[in-house]
Amino acid sequence: MRRIWHSRPGPRPAVLALVAGALGALGHAPLYLWPLTLIGLAALARRVALAERGAGWIGLLGGMSYGAVALSWIVEPFLIEPETYGWMAPFALVFMALGLGLFWATAAWAARALPFRAPAFGFALTLTTVEFLRGHILTGFPWAMPGHVWISTPVAQLGAWVGPTGLTLGLLLLTAALSALRWRQALAAGIGLAAAWAFGLWTLAQPLPPDRAATLRLVQPNAEQALKWDPDQARVFFDRLLTASAAPPRPDLVIWPETALPYLLERHADLAPMIAAAAQGAPVALGVQREEGSRFWNSLTVIDPDGGLGQRYDKHHLVPFGEYIPLGDLAFRLFGLRAFAAQHGAGYSAGDGPKLVDFGPGMGRALPLICYEAVFPQDVNAAPERPDWLLQITNDAWFGTLSGPFQHADQARMRAIEQGLPLVRVANTGVTAVYDARGRERASLPFGREGHLDSALPAPLPAPPFARYGEAPALLLLAGLALMSIRRQSAKLS
């Protein structure tokens with residue numbers, strides 16, 4: 001076992017692992033080069049399987065290069081004010097990639113330490129396992145899972161049955177078969193992929209229920225992040241939102257993005273009536289910062305047609321270090337440190353959990369998802385009741401214009417497929433779009449431009465298996481495959 005982890009690989013295997021991991025990341029948005037993902041991860045699986053020493057290091061290097069490419073957008077928030085925070089950008093990328101690499105190192109080590117009959121097959125199982133864990137431990141970070149590369153293809157429709165873990169397992173089993181470099185395994189992989197593709201095409205060809213009669217207006221103000229909170233620019237961005245809301249014809253619901261309002265409603269009693277008047281009597285769902293005492297929340301609030309404040313949802317799955325400091329409130333209770341405590345205004349406080357917002361008979365009930373919350377399938381499945389649609393408001397201006405906003409939008413689309421529910425996504429700078437219950441884009445606004453979009457609200461489908469059972473079927477399949485493989489090897493050795 002010491003040789004599997006503690007002995008470092010030679011230069012050639014190390015370089016091959018770095019290249020393979022980087023290729024594996026190219027299937028994600030915005031490139032969608034999923035065949036390169038198959039090639040890269042197949043090469044990495046082969047390196048793990050052939051490693052006489054240092055399999056853990058192979059996994060670490062492959063995972064780090066995969067993370068560095070797929071998560072390169074993480075430097076963008078530090079470049080909003082580069083003179084102050086720019087120096088942190090390379091450290092953020094390195095530590096994020098290293099964190100992901102440690103998960104993959106564990107998978108590679110386990111693939112060689114456990115008695116799998118075929119180490120490449122074992123690596124597919126262990127990597128799927130650690131990717132599932134990555135989405136849950138320490139509040140979770142399931143961004144850029146390998147299975148997400150299918151989102152741009154018909155194969156993504158299998159997500160309604162097996163979710164992201166099942167899609168990741170399927171992809172990694174394909175790469176394990178390809179890694180053998182034998183025609184029988186390659187043929188089996190090709191047949192499996194063709195069957196999944198055909199199933200996806202068949203699913204997409206099935207009719208959907210008629211759209212609802214209601215018209216939604218999605219408003220994209222395109223407020224540059226560096227200027228978003230500038231006092232001189234705040235009124236400019238607010239006027240953009242009001243102008244778009246007032247444009248004819250009158251919609252049934254107006255939706256603004258996350259933290260769209262550059263002011264606090266609690267401190268300006270005239271704001272809500274002004275917004276209601278601009279919307280011509282239509283309710284407005286908007287992202288706001290909410291203040292109560294010394295606490296703040298990242299919230300969605302509904303302004304009623306009469307200008308009153310209606311239903312409200314407070315974001316509950318916050319971004320660690322971005323929206324709050326982990327254990328900050330505990331540090332205050334134990335040591336009196338206020339600088340990190342959300343209860344003293346140092347970051348946002350978490351809401352009570354998922355909550356539906358009822359927009360009435362014409363539109364039904366929506367499950368609000370604020371920004372980051374849309375990447376967690378378990379949070380959507382935790383809704384108190386099944387909604388009629390998903391509503392994501394977000395401000396992706398933090399994440400640049402290359403990959404982050406598009407990866408975020410893709411993962412939100414995955415929630416639509418898993419739940420069989422339409423998704424309405426309203427972003428500050430984009431991606432602003434409407435997706436049907438199979439994750440297909442119905443309408444969208446150009447990225448990085450000011451504007452608004454009027455769209456019908458697609459209808460929901462009956463709850464698919466993932467909406468009913470979550471990750472359980474995929475995890476049971478994963479466990480069954482692992483047990484069968486290990487038992488066969490153990491019997492053979494005896």
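**View A. Aspartate 454 pairs with arginine 217 in a salt bridge.** In this predicted model, the closest N and O atoms of the two side chains sit 2.7 Å apart; a salt bridge here is a side-chain nitrogen of Lys or Arg within 4 Å of a carboxyl oxygen of Asp or Glu. The contact ties together distant parts of the chain, 237 residues apart: aspartate 454 belongs to strand β12 (residues 451–456) and arginine 217 to strand β1 (residues 215–220). Those names come from DSSP runs numbered from the N terminus, with helices being H or I of at least four residues and strands being E of at least two. Arginine 217 is buried because its relative accessibility is 0%, while aspartate 454, at 31%, is partly exposed. (Buried is under 20% relative accessible area, exposed is over 50%, and partly exposed is in between, with a 1.4 Å probe and protein chains only.)

**View B. Arginine 235 and aspartate 239 meet in a salt bridge within one helix.** The N to O distance is 2.8 Å. Both residues lie in helix α10 (residues 231–246), spaced 4 residues apart, or about one turn of the helix. Arginine 235 is partly exposed at 43% relative accessible area, and aspartate 239 is partly exposed too, at 30%.

**View C. Arginine 267 reaches glutamate 291 from a loop.** Their closest N and O atoms are 2.7 Å apart, making a salt bridge. This one also links distant parts of the chain, 24 residues apart: arginine 267 is in the loop between β2 (253–255) and α11 (271–278), and glutamate 291 is in strand β3 (residues 284–292). Arginine 267 counts as exposed, since its relative accessibility is 55%, whereas glutamate 291 is buried at 17%.

**View D. Asp211, Asp436, Arg440 and Arg442 make up one network.** Salt bridges with shared partners join these four residues. The structure holds 17 salt bridges.

**View E. Trp87, Phe91 and Phe95 form a nonpolar surface patch.** Together they offer about 410 Å² of accessible area, worked out by the Shrake-Rupley method with a 1.4 Å probe, where only the protein chains shown count as cover for residues. Patch members need over 30% relative accessible area and no salt bridge; like charges are joined within 9 Å, and nonpolar side chains (Val, Leu, Ile, Met, Phe, Trp, Tyr) within 5 Å. Tryptophan 87 is in the loop between α5 (82–85) and α6 (89–113), and with 56% relative accessible area it counts as exposed.

**Notes for all views.** Residues are numbered from 1 along each chain as its sequence is written, and side-chain values use heavy atoms, leaving out hydrogens and water. Local features need pLDDT of at least 70 and side-chain atom pairs count only at pLDDT 80 or more, while totals for chains, interfaces and linings use all residues.
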